[in-house]
Amino acid sequence: VGLWIYWKAQSWSGPGTTPYFLEELEKRCFSYTRDISPVDCTKIVEAFENAFIFKDPCKITEEDYEPLLKLTKQSIPCGKVLLWSKTKAMAHRFTQQRQDLFTLEDALLGYLADGLSWCGFPDSNAMNYQSCPTRGDCKENPVSVFWDVASKTFAQGACGVVNVLLNGTRSNAFDENSTFGRVELHTLKASALHVWLLHDQEGEPSDTCSGSSIAHLESIASGKSMTFNCQDIKSLDEMRV
Ligand code: N1C
């Protein structure tokens, strides 16, 4: 029996729910919306909680997040979206300097959830602070489904030129299995895609704009009738958006 309880508590391989999860959401919501018009943070936090509470953490659907998506709808001006893959810190450093450009984490929905972990139980309103499923445990888990649907919604709303910051120190700068490659790219309705491929100051680049992974990306973009551009850069200062 002792072993069974141990197994039950240790079932998932990802970090458990972030301590004070709901309080953290509320704090983030208030600080984000301080200077903007009527946003009901209590409602937003409730919608977030209702998406996964009392549910099997392996059976979460995009519909579960629908009420939250509705409450956090935001539109971003054409040409002002920055997507990223394997360059999170760099992308955020860039949008910190450039207040008119937005990553998903600069929008309310992404800002609320960035860096947090959450999941519940099928038969209780408690949150699991011990562990939460990762993609390896099951695909339809609260965190993965959230980022997929949030990324999809964010990419769908982008118009004009969409910028994406990719990592040139990886052998496959464009990874079809990343959220960018798997979700965002295929939902884009924008007119152009501008890839900024960031390399180290020194050292040989692992992938460049003339490499095969970017060629593959270009062919997908062309298939969607998007104009395509790729620029190799060694510093964010070279990013002229
Ligand atoms: O899988 P990725 O990158 O290609 O996803 C990045 C892509 C960005 O353009 C964002 O719009 O997808 C969106 N996105 C997030 O904004 C985000 N914030 C935090 C996707 N994932 C996000 N996370 C977490 O990082 C989440 O847990 C997810 O699984 C990782 C993806 O990081 P990545 O592989 O570098």
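These are my notebook entries on a predicted model of a protein with a ligand.

**Entry 1: the ligand**

I started with the ligand and asked which residues lie closest to it. The shell counts 14 residues, and the closest are Ser-85, Lys-86, Glu-105, Thr-179 and Glu-184. I then went through some polar contacts. The side chain of Ser-85 puts a polar atom 2.7 Å from a ligand oxygen. Backbone atoms take part too: a polar one of Trp-84 sits 2.9 Å from an oxygen of the ligand, and a polar one of Phe-180 is 3.2 Å from a ligand oxygen.

How much of the ligand's accessible area does the protein cover? On its own the ligand has 600 Å² of it, and the protein covers 79%. I noted which elements give two or more residues to the shell: strand S2 (82-85), helix H7 (142-156) and helix H8 (179-187). By character, the shell splits into 5 nonpolar, 4 polar and 5 charged residues.

**Entry 2: helix H7**

H7 gives residues to the ligand shell, and I looked at this helix next. It has 15 residues and runs 21 Å from its first C-alpha to its last, close to the 21 Å expected. At the start of H7, a side-chain oxygen of Asn-141 comes within 3.2 Å of the backbone nitrogen of Val-143.

Why do I call H7 largely enclosed by the rest of the structure? Of its 15 residues, 12 are buried, so the rest of the structure largely encloses it. Among the buried ones I found Pro-142, Phe-146, Trp-147, Asp-148 and Phe-154. I checked what the buried residues pack against, and wrote down H3, helix H4 (66-71), S2, helix H6 (108-113) and H8.

**Entry 3: Ser-178**

Next I moved to the loop between strand S6 (161-167) and H8, where Ser-178 is found. Is Ser-178 buried or exposed? Ser-178 counts as buried because its relative accessibility is 5%, and the cut-off for buried is under 20%. Its side chain reaches the backbone oxygen of Asp-175 at 2.7 Å. Leaving aside neighbours within four places in sequence, Ser-178 is in contact with Ser-85, Lys-86 and Val-183. I had already met Ser-85 and Lys-86 among the residues closest to the ligand.

**Entry 4: Thr-95**

I found Thr-95 in helix H5 (residues 88-97). Thr-95 is buried, with a relative accessible area of 3%. Not counting residues up to four places away in sequence, Thr-95 touches Leu-82, Leu-101, Phe-102, Thr-103 and Asp-106.

**Entry 5: Val-39**

Where does Val-39 lie? I traced Val-39 to the loop between helix H2 (21-33) and helix H3 (41-52). Val-39 counts as partly exposed because its relative accessibility is 31%. Apart from residues up to four places away in sequence, Val-39 touches Cys-29, Thr-33 and Ile-44. I also looked up its separation from Val-164: they are 125 residues apart in sequence and 29 Å apart in space, C-alpha to C-alpha.

**Entry 6: two positive phi angles**

Last, I looked up the backbone at Tyr-20 and Ser-225. Tyr-20 is not a glycine, yet its phi is positive, about 55°. I placed Tyr-20 in the loop between strand S1 (14-15) and H2, and it counts as exposed at 62% relative accessibility. Ser-225, not a glycine either, has a positive phi of about 60°. Ser-225 sits in the loop between helix H9 (212-223) and strand S8 (227-233), and it is exposed, with a relative accessible area of 64%.

Methods
Residues are numbered from 1 along each chain as its sequence is written. This is a predicted model: local features need pLDDT of at least 70, side-chain atom pairs count only at pLDDT 80 or more; totals for chains, interfaces and linings use all residues. Side-chain values use heavy atoms; hydrogens and water are left out. Helices (H or I, at least four residues) and strands (E, at least two) are DSSP runs, numbered from the N terminus. Buried means under 20% relative accessible area, exposed over 50%, partly exposed in between (1.4 Å probe, protein chains only). Contact means heavy atoms within 4.5 Å. A residue is near a molecule or strand if one of its heavy atoms lies within 4 Å of it. A polar contact is a pair of N or O atoms within 3.5 Å; within protein, one must be able to donate a hydrogen and the other to accept it, and residues adjacent in sequence count only if both atoms are side-chain atoms. Accessible areas come from the Shrake-Rupley method with a 1.4 Å probe; for residues, only the protein chains shown count as cover. Ala, Val, Leu, Ile, Met, Phe, Trp, Tyr, Cys and Pro count as nonpolar, Asp, Glu, Lys and Arg as charged, and the others, Gly among them, as polar. The expected span of a helix is 1.5 Å times one less than its number of residues.
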